[in-house]
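I opened a fresh notebook page for a structure I had not met before. Come and read along while I look things up.

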Amino acid sequence: AKYIGTGLDFGFTNDPTTLVEIRYLHGNLYAKQHIYETGLTNDDISEQLYKIDFPRNEKIVADSAEPKSIEEIKRKGWRITGAEKGKDSINQGIDAIKRYNVYIDTKSKDLIEEFSSYTWDKDRDGNPTNKPIDSFNHGIDAFRYALSNKLLQPRPTFV
């Protein structure tokens with residue numbers, strides 16, 4: 001499978017820091033969770049990247065809302081950049097993911113749980129809205145970041 005990218009969503013106390021790798025093969029996306037852990041500092045994230053033998057030449061696309069964290073990890077020698085976010089980027093990212101069959105590595109238990117638990121908010125009458133709830137989304141956010149610079153095409157083939 002062709003390597004597409006790796007996304008990083010920052011967390012700390014209540015939310016986990018997540019690192020998700022995405023690959024593409026025959027019109028399908030394949031995801032693997034490498035990090036899903038609370039309490040990680042930026043130094044800890046760098047150490048985790050060493051432990052999983054993450055290639056230094058592979059780019060990590062991280063939550064652009066954390067420029068200080070991105071810069072600290074970059075200074076440790078990692079190739080990291082902020083995700084391109086625009087108006088309605090969450091829904092655009094979810095819509096882009098839904099264009100593909102997604103297969104998640106069986107060892108990526110937290111990511112599997114997120115994909116099976118992800119849900120949309122409801123209005124006061126109990127009807128679904130067009131806004132996802134801010135829960136069960138950290139690995140999915142990392143997934144979106146990994147694809148964020150490639151989502152502008154209607155259905156990219158990543159070739």
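Here are my entries, starting with the ground rules and then going from the sheet to single side chains.

**Ground rules.** I am working with a predicted model, where local features need pLDDT of at least 70, side-chain atom pairs count only at pLDDT 80 or more, and totals for chains, interfaces and linings use all residues. Residues are numbered from 1 along each chain as its sequence is written, and side-chain values use heavy atoms, leaving out hydrogens and water.

**The sheet.** I looked up the strands and found 6 of them in an open sheet, ordered 5-4-1-2-3-6, with mixed pairing. Strand 5 (80-82) and strand 6 (101-104) are the edges, each pairing on one side only. Helices (H or I, at least four residues) and strands (E, at least two) are DSSP runs, numbered from the N terminus, and two strands pair if DSSP finds at least two bridges between them. Strand 3 (residues 28-37) runs parallel to strand 6, and 4 bridges join them. I picked out one partnership there: Tyr 30 is bridged to Tyr 103 in strand 6.

**Helices on the sheet.** Next I checked what lies across these strands. Helix 2 (residues 67-75) crosses strand 1 (2-9), strand 4 (60-62) and strand 5, at about 165 degrees to strand 5. Helix 4 (residues 109-117) lies across strand 2 (17-25), strand 3 and strand 6, at about 115 degrees to strand 3. For such angles, axes are lines fitted to C-alpha atoms, for helices over the stretch in contact (heavy atoms within 4.5 Å), and the angles run from 0 to 180 degrees between N-to-C directions.

**A buried serine.** Ser 46 sits in helix 1 (residues 42-51). Is Ser 46 buried or exposed? Ser 46 counts as buried because its relative accessibility is 2%, and buried means under 20% relative accessible area (1.4 Å probe, protein chains only). Setting aside residues up to four places away in sequence, Ser 46 touches Lys 76 and Trp 78.

**Rings.** I searched the whole structure and noted 5 aromatic pairs. Rings of Phe, Tyr and Trp (its six-membered ring) pair if their centres lie within 6.5 Å; planes under 30 degrees apart count as stacked, over 60 as edge-to-face and the rest as tilted. Tyr 24 and Tyr 100 are edge-to-face because their ring centres are 6.4 Å apart and their planes stand at 90 degrees. Tyr 24 is in strand 2 and Tyr 100 in the loop between helix 3 (89-97) and strand 6, 76 residues apart. Ring pairs also link Tyr 50, Phe 54 and Trp 78 into a cluster.

Conventions. Buried means under 20% relative accessible area, exposed over 50%, partly exposed in between (1.4 Å probe, protein chains only).
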